[in-house]
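Please open the model in a viewer and keep the sequence panel visible. The tour proceeds by selections, each followed by a note on what is found there.

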Amino acid sequence: MSRLTDAQKDAFVADGFVRIPGLIPPETVAATRAALLESMGVREAAPDTWRGLPGIAGDIPALLRQIAVADACRTDALLEAAEELAGP
């Protein structure tokens, strides 16, 4: 059974991305966002922490921590949608 509408598939082809509500539970999004910000030393209430962040490309341990944190967003629904868009 298809999770995506034809319009969503067309939008992905046209724009290179598509918004698909409900793929990741809101509480997972919030927790992951908070953990990623913390791992980068960013505090929402302190705008001075928002810029000048070191590039992560050269910081492999930081990059691996962020990938591990974001892995919580890898839901079955997300993987099914990705497979539908890009194939297995």
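The stops below go from the whole chain to individual helices and residues.

**Whole chain**

Begin with the entire protein in cartoon representation, bearing in mind that this is a predicted model. The cartoon should show 4 helices and 0 strands, and tracing the sequence gives the order α-α-α-α. Next, switch on the surface. About 6,500 Å² of the protein is exposed, and carbon and sulfur atoms supply 61% of that area. Of the 88 residues in the protein, 18% are buried. As for the contacts between residues at least 6 apart in sequence, 57% join residues that are at least 24 apart.

**Helix α1 and Q8**

Select residues 6–15, which form helix α1, and pick out Q8 within them. Is Q8 buried or exposed? Its relative accessible area is 17%, and because the cut-off for a buried residue is under 20%, Q8 counts as buried. Now display the surroundings of this side chain. Beyond the neighbours within four places in sequence, Q8 is in contact with R3, V18, R19, I20 and P21.

**Helix α2**

Move on to residues 26–39, the extent of helix α2. This helix has 14 residues, and the distance from its first C-alpha to its last is 20 Å, close to the 20 Å expected at 1.5 Å a residue. Colour T28, T32 and L37, the buried residues of α2. Then turn the view to look down the helix axis: these buried residues fall within an arc of 155°, so they line one face of α2. Which exposed residues does the face turned away from the buried side carry? Select P26, E27 and E38 to see them.

**T28**

Return to T28, which lies in helix α2, and centre the view on this residue. T28 has a relative accessible area of 19% and is therefore buried, the cut-off being under 20%. Which residues does T28 touch, not counting those up to four places away in sequence? The partners to select are A72 and C73.

**After α2**

For the last stop, follow the backbone onward from α2 to G41. The phi angle of G41 is positive, near 75°.

**Views worth saving**

Two views summarise the tour. One shows Q8 of α1 together with its contacts R3, V18, R19, I20 and P21. The other looks down α2, with T28, T32 and L37 on the buried side and P26, E27 and E38 on the face turned away from that side.

How values were computed
Residues numbered from 1 in each chain as written. Predicted model: local features only at pLDDT ≥ 70, side-chain atom pairs only at ≥ 80, totals over all residues. Heavy atoms only, no water. Helix = DSSP H or I, 4+ residues; strand = E, 2+ residues; numbered from the N terminus. Buried < 20%, exposed > 50% of the residue type's maximum accessible area, 1.4 Å probe, protein only. Contact = heavy atoms within 4.5 Å. Areas by Shrake-Rupley, 256 points an atom, 1.4 Å probe, with all protein chains shown as cover. Expected span 1.5 Å × (residues − 1). Arc of directions from axis to C-beta.
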